[in-house]
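Please find below my notes on this entry. They are set out as numbered points for use alongside the coordinates.

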Amino acid sequence: MTDPLTLLEALTKQFAARADDYDKAAAFPGQDFDDLFAAGLLAPTVPIEHGGLGLGPRCGDTYTLWAMTRKIAAADLALARCWEGHANSLVLLDALGTPEQRERWFDGVVSRGDKWVAWSGEPRPLGTLVTRADGGWRVRGRKGFATSATGADWAILLVDPAGPGGARHAGSDDTVLMLACDLSDPTVRVDTSWWDPIGMRATVSHAVDFDETFISDDNQIGPPGAYLTQSWQSAFLPHYAASFLGAADALAEYARSSVLRQSKDGDPYVQHRIGSIAVALDSAELWLRHVAALWDEWRVDDARLAGLRARHVVEHLALAVLDDCVRVCGARGLIRPSPVERILRDLTFYVRHDNDDRLLATVGKAVLGREHDVSFGRR
């Protein structure tokens, strides 16, 4: 099989060319996902025996997955967020799904191009109410920041029968359910009036309402509490960092090209900034390779804590690259159609996805030998 990174290389120019239009329209990058499916790249974390690429922390080739995300993010950071959500959801299906569930859902991805996402966030104090029904569960209420809301086919809903809160604000680690919801269900409605952010617009992370949506027991993934008690969020935190690094790659290339085009390469201050960018990119890549190796060796406890560190470090390295790029290129780099303007909005918005202070405090707790939560830092 052709190397997936090579296949992806042929697509990223098209992704980059479409990025501005998707951003302006705040529209899901559907054509990009169609291209990924046509190229055989839409099942990155599906095991090879199910027709996928066999990448990621479950399959023993984590860095290649993150390198793919990095390339996609260099073309369009919002597209990378949707891709991450899809790839990470498939990891959960592989880890916690039954053989029948894996067969059914992986076939949909490989054969039909089904797109997946996982939704946890809920507006407080509102959110979802989950009640037991005959043969399954009924979900009523609202999810917020629902990435790929108008593009995904299936969503893993992280919901808590104990009350609103999703996973981030769950009252108990061992009660949160993961329910696979078919988004074509007429009781699921997307509220497109809410999502009008400064950045990451093409993630279409709308609010989604559920009106007594029935989800059968056949669509419950894993036992109650598995997402939190097994700390699956910690496997995805460094994946976000791969997207940050991809955005930094695009900024670095723009800065280098701009400097050479304007014959500013003899300026020692420019040289200083370009050198700083190069060191930041190398440092971030080393962190991701380190964490990926820990996952591939299944040193899970070490990988979880190293992933927190990497997520923190790469965020700050990417933001430093953004600052260096803007200083090198000047105000003209922030004028459309320069991609820097969009990347600035997307990157500064996306790094808010997690509370960096809380992540760093969690690292500190671990160093001090105190109880800590590697998923959301809730304790």
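The points below go from overall build to the sheet, the aromatic contacts and a few backbone details.

1. Status and overall build. The model is a predicted one. The protein contains 11 helices and seven strands. Its C-alpha atoms occupy a box of roughly 75 × 45 × 45 Å along the principal axes. The radius of gyration is 20 Å, which agrees with the value near 21 Å for a compact globule of 379 residues.

2. Burial and contacts. Of the 379 residues, 55% count as buried. Among contacts with a separation of 6 or more, 73% are between residues 24 or more positions apart.

3. The open sheet. Strands β1, β4 and β5 make up a three-stranded open sheet, in the order β1-β4-β5 and with mixed pairing. The edges are β1 (116-119) and β5 (177-182); each has a single partner strand, so one side of each has no neighbour in the sheet. From one strand to the next, the twist averages 25°.

4. Pairing within the sheet and the helix across it. Six bridges join β4 (residues 154-159) to β5 in the antiparallel sense. One bridge partner can be named: Val159 is matched with Leu177 in β5. Helix α4 (residues 77-96) lies across β1, β4 and β5, and its direction is at about 85° to β1.

5. Aromatic pairs. How many aromatic pairs does a search of the whole structure find? The count is 11. One of them is Trp194 with Trp195, a tilted pair with 5.9 Å between centres and 45° between planes. The two residues fall into separate burial classes: Trp194 is partly exposed because its relative accessibility of 40% lies between the 20% and 50% limits, whereas Trp195 is buried at 7%.

6. A contact between distant parts of the chain. Trp195 also pairs with Phe349, edge-to-face, at 5.9 Å centre to centre and 85° between the planes. This pair links positions 154 residues apart: Trp195 is in the loop between β6 (188-191) and β7 (206-216), and Phe349 is in helix α10 (residues 339-350). Phe349 is partly exposed, at 26% relative accessible area. Taken with Phe145, the residues Trp194, Trp195 and Phe349 form a cluster linked by ring pairs.

7. Charges over rings. Two arginine side chains deserve a look. The charged end of Arg132 sits over the ring of Trp137, at 4.9 Å from the ring centre. In the case of Arg289, the charged end sits over the ring of Tyr63, 4.0 Å from its centre.

8. A cis peptide. The bond joining Arg336 and Pro337 is cis, with omega of about 15°. Pro337 belongs to the loop between α9 (300-329) and α10.

9. Positive phi outside glycine. Ala26 has a positive phi of about 50° although it is not a glycine. This residue lies in the loop between α1 (4-25) and α2 (30-38) and counts as buried, at 16% relative accessibility. Ser148, also not a glycine, has a positive phi of about 65°. Ser148 is found in the loop between β3 (136-146) and β4. Is Ser148 buried or exposed? With a relative accessible area of 3%, Ser148 is buried.

Note on methods
Residues numbered from 1 in each chain as written. Predicted model: local features only at pLDDT ≥ 70, side-chain atom pairs only at ≥ 80, totals over all residues. Heavy atoms only, no water. Phe/Tyr/Trp six-rings, centres within 6.5 Å; stacked < 30°, edge-to-face > 60°. Buried < 20%, exposed > 50% of the residue type's maximum accessible area, 1.4 Å probe, protein only. Helix = DSSP H or I, 4+ residues; strand = E, 2+ residues; numbered from the N terminus. Lys NZ or Arg CZ within 6 Å of the ring centre and 35° of its normal. Pairing = 2+ DSSP bridges. Axes fitted to C-alpha atoms, helices over the stretch in contact; angles between N-to-C directions. Contact = heavy atoms within 4.5 Å. Rg over C-alpha atoms; globule rule 2.2 N^0.38 Å.
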